[in-house]
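User: Hey, got a minute to go through this fold with me? I'd like to start with how the helices pack.
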Amino acid sequence: MSLGQFSAMDLKGAYDVEHMSSTSRIQHELWPLDGIDPKKAKFLCCLIWTPLPVVSWLAPFIGHVGICREDGTILDFSGSNVVNVDDFSFGAAARYFQLDREQVNGNVGLKIHAHRLHYKPKRCQCCFPPNLTGHTCKHGYKHSEHGTAITWDDALQSSMRHFDHKTYNLFTCNCHSFVANCLNRLCYGGSMDWNMIDVAVLILFKGHWIDWKSVVRSFLPFAVVLCTGVVLVGWPFLVGLFSFSLLLMVWFLLGTYCFKSLLEC
């Protein structure tokens with residue numbers, strides 16, 4: 001076939017494939033992850049959750065959250081200037097949700113483009129380059145606020161450095177803030193607007209229980225407190241418990257969506 005017989009569409013398709021191929025070479029490929037191993041506390045690229053002493057006894061939907069590296073190492077913000085590494089605070093994980101590394105921003109656009117060309121690209125990590133001028137995603141201008149990252153673990157490490165100088169407060173700057181910061185650095189799901197509520201909803205409604213013992217450990221103290229309160233105090237105890245939970249939800253909702261400066265961390 002002579003060169004003149006190539007259509008403009010063929011030439012454009014060849015150029016696009018070559019462009020994508022060269023782009024994928026400078027981005028990080030995603031190697032296969034090992035399986036999740038709760039016995040060894042290895043939750044690769046997961047969000048994990050465990051109940052908090054006392055607080056979860058009164059409001060079981062509140063707990064402690066952490067995020068994991070690609071090798072399963074757990075990171076969690078549990079106190080002022082403290083980010084634990086592979087030492088999850090408040091006990092073993094009770095539920096987990098494995099994040100999809102292909103939802104890290106940069107993969108979505110490449111997939112759509114490749115589908116149009118019937119071409120299967122190499123799996124790439126994200127659009128985060130070593131410098132700000134190289135960003136290719138629609139949130140490029142926002143990355144300057146969160147810093148650059150070239151891998152999953154690099155993004156988490158940046159958040160660790162940021163929270164090493166933060167004062168912990170259950171109501172304003174807590175473990176959910178740390179995880180949200182990590183997700184923003186990853187631009188997970190193509191979004192850089194992750195917050196406490198988003199993290200809580202993600203783990204509570206999409207998380208998987210480790211086993212039946214985790215369910216018991218999470219809800220048994222609440223059931224005991226509830227029954228004891230009703231027996232000793234009566235219905236007023238239920239009203240007080242409901243009011244406590246309602247006030248917590250209102251605080252976090254207002255602080256997250258109406259008065260954002262209250263929960264800036």
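**Helix packing, sheet and pocket**

Analyst: Sure. The axes of H7 and H9 come within 9 Å and cross at roughly 125°. Keep in mind that this is a predicted model.

User: So how are H7 and H9 oriented to each other?

Analyst: With a crossing angle of roughly 125°, H7 and H9 are therefore oblique to each other.

User: Which residues of H7 and H9 meet there?

Analyst: On the H7 side you have Met196, Ile197 and Asp198, and they meet Phe252, Leu253, Thr256 and Tyr257 in H9. By type, the residues of that H7 and H9 contact divide into five nonpolar, one polar and one charged.

User: And what about H8 with H9, what's the angle there?

Analyst: About 140°, with the axes of H8 (residues 212–232) and H9 (residues 235–257) 7 Å apart. H8 and H9 are therefore oblique to each other. H8 brings Phe222, Val225, Leu226, Gly229 and Val230 to the contact, and H9 brings Phe237, Leu238 and Leu241. Those residues divide into seven nonpolar, one polar and no charged.

User: Switching to the pockets: how much space is in the second largest one?

Analyst: About 430 Å³. The second largest pocket has 22 lining residues, and Phe61, Ile62, Ile197, Ala200 and Phe252 lie nearest its centre. Ile197 and Phe252 also turn up in the contact of H7 with H9.

User: Which element gives the largest share of that lining?

Analyst: H7, with six residues. The elements giving two or more residues to the lining of the second largest pocket are H6, H7 and H9.

User: Is the lining mostly polar or nonpolar?

Analyst: Nonpolar: the lining residues divide into 19 nonpolar, three polar and no charged.

User: OK, on to the sheet. What's the strand order?

Analyst: E4-E3-E2-E1-E5-E6, in an open sheet of six strands with antiparallel pairing. E4 (82–85) and E6 (208–209) stand at the edges with a single partner strand each, so one side of each has no neighbour in the sheet.

User: How many bridges join E1 to E5?

Analyst: Four, and E1 (residues 46–51) and E5 (residues 95–98) run antiparallel. In that pair, Cys46 stands opposite Gln98 in E5.

User: Last one: which strands do H5 and H6 lie across?

Analyst: H5 (residues 152–163) lies across E2, E3 and E4, running at about 145° to E4. H6 (residues 175–186) lies across E1, E2, E3 and E4, and runs at about 30° to E2. H6 is also one of the elements lining the second largest pocket.

Terms used: Residues are numbered from 1 along each chain as its sequence is written. This is a predicted model: local features need pLDDT of at least 70, side-chain atom pairs count only at pLDDT 80 or more; totals for chains, interfaces and linings use all residues. Side-chain values use heavy atoms; hydrogens and water are left out. Axes are lines fitted to C-alpha atoms, for helices over the stretch in contact, and angles run from 0 to 180 degrees between N-to-C directions. Angles under 35 degrees count as roughly parallel, over 145 as roughly antiparallel, 65 to 115 as roughly perpendicular and the rest as oblique. Contact means heavy atoms within 4.5 Å. Ala, Val, Leu, Ile, Met, Phe, Trp, Tyr, Cys and Pro count as nonpolar, Asp, Glu, Lys and Arg as charged, and the others, Gly among them, as polar. Two strands pair if DSSP finds at least two bridges between them. On a 1 Å grid over the protein atoms alone, a cavity is a set of points where a 1.4 Å probe fits but cannot get out, and a pocket is an open set with protein on both sides within 12 Å along at least five of seven lines; lining residues have an atom within 4 Å of a point. Grid points are joined across faces, edges and corners, and a volume is the space filled by probe spheres set on the points.
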